[in-house]
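Please open the model in your viewer and keep the selection panel at hand, since this tour goes from one selection to the next.

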Amino acid sequence: MYDQMPSAAGLVASDPDADWGLPGWTYNDPDFFDAEMAAVIRPSWQIVCHESDLARTGDWRSIDYVGESVIVVRGEDGVVRGFTNVCRHRAMRLLDGTGGCAKKIICRYHAWAYELDGRLTGVPESRDYPMLDKASQGLSPVGLEIWRGFVFVRLDDDGGPSVAAMMAPYEQEIEPYRFADLRTITPAYVRPRAVNWKNIGDNYSDNLHIPVAHPGLTRLFGKSYAIAAEPYVDKMSGYLVDKPSVDPWERFYQTHLPHADHLPEANQRLWLYYKLWPNIAFDIYPDQVDFMQWLPISPTQSVLRMMAFALPDDRREMKLVRYANDRINRHVNAEDTWLITRVQAGMASKSFTVGPIGRSEVCLRSFAAKIRAAIPEARLHHAPPPGWSKRPQTVRG
């Protein structure tokens, strides 16, 4: 079905509202939030970890989102599987924390025991359960895909594209970075943001704000910053200029970035950003690869979940450059947080309905078109009556 996906331009061209952004009400409406959790987030792929984080039998990692806790675990047979983190007896959460290693998964409520492949094999006083069928009461599986060493899960399968299919237009660009050989240098951590999840993603793919709101990136990239949109992936990029920056960390990074032998010369001073539909992104640098996803909590609350990866490299200059990279991007993140917080506040104003999108804003146009296709109520400039997401869908733009 997705072997020949339509172009991003084709998706936008078929959208009658292509020249408009999403209405302000869709960034704070509880009904819209419920609708997009069901139609957009639950069927989407979410990263959990790198496969190297599951090196041993029994190694597991977790992710919590949209009211679910999901674990991925390496079985005795070496296969990585994903399950909801819920006992099939009384819905007890089985594993706490973000990761660990287990020989079996045992519920601490009534001691039901599951194998690493999800099979239910231990039930105390099992004869007391006349309806018990162990074969059908194993852990509930979720969709799982390993793409270039990264482990993704999805809660629902709506027939949407795989991660590999989404990233297919950029496979040749990704190849030199040896994703499968990366190792975690910063484990997953989260940061709260008082904004709607779409607000974070819109800002990530917005090209027009770079020269206005990010002086550091502008010093680093000059006028080389560029964007492109494929059906399910936005690409942003910029080349480091040779002119030394006035900022000491930027100048240190420019001056001391060591040669990366695995990369072609054209990539030695290239920063790449890929945003995958709908809420995950890779920031790819010559020195490391960062991952970020923005997970919805409520209509006006989200968390950023971030990790960093790199190829093994003990050179002192590489360690120092990675630190400089972190200092540079702390500034960028602070600037973005300031921006999106104010945009979120503006979305609540009754004076704002919907704003125009320029033809050059190809990434924002692509995202809005997909949201409208998934939830047609997004075409309405004003919110439908409360409760619409729980009724049969009769409101259409």
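## From the sheet to a helix pair

Begin by selecting β4 in this predicted model, a strand that is mostly covered, with four of its five residues buried. Widen the selection to the sheet around β4, an open one in which four strands follow the order β4-β3-β2-β5 with antiparallel pairing. The edge strands, each of which pairs on one side only, are β4 (80-84) and β5 (99-101), and from one strand to the next the twist averages 20°.

Now select β3 together with β4, which run antiparallel and are joined by five bridges; here Ile71 stands opposite Phe83 in β4. Follow the chain through the hairpin of these two strands, where five residues lie between β3 and β4 and where Gly78 takes a positive phi near 85°.

Next, turn to the other partner of β3 by selecting residues 59-65, strand β2, and residues 68-74, strand β3, which pair in the antiparallel sense over six bridges. Within this pair, Trp60 can be found opposite Val73 in β3.

Finally, leave the sheet and select helix α5 (residues 197-205) with helix α9 (residues 316-347), whose axes are 10 Å apart and which pack at an angle of about 130°. That angle falls outside the ranges for roughly parallel, antiparallel or perpendicular, and the two helices α5 and α9 are therefore oblique to each other, with α5 passing α9 in a right-handed crossing. Show the side chains of Asn199, Ile200 and Asn203 in α5, which meet Asp336, Leu339, Ile340, Val343 and Gln344 in α9; the residues of this contact divide into four nonpolar, three polar and one charged.

Conventions
Residues are numbered from 1 along each chain as its sequence is written. This is a predicted model: local features need pLDDT of at least 70, side-chain atom pairs count only at pLDDT 80 or more; totals for chains, interfaces and linings use all residues. Side-chain values use heavy atoms; hydrogens and water are left out. Two strands pair if DSSP finds at least two bridges between them. Axes are lines fitted to C-alpha atoms, for helices over the stretch in contact, and angles run from 0 to 180 degrees between N-to-C directions. Buried means under 20% relative accessible area, exposed over 50%, partly exposed in between (1.4 Å probe, protein chains only). Angles under 35 degrees count as roughly parallel, over 145 as roughly antiparallel, 65 to 115 as roughly perpendicular and the rest as oblique. A crossing is left-handed if the near helix is turned anticlockwise from the far one by less than a right angle, and right-handed if clockwise. Contact means heavy atoms within 4.5 Å. Ala, Val, Leu, Ile, Met, Phe, Trp, Tyr, Cys and Pro count as nonpolar, Asp, Glu, Lys and Arg as charged, and the others, Gly among them, as polar.
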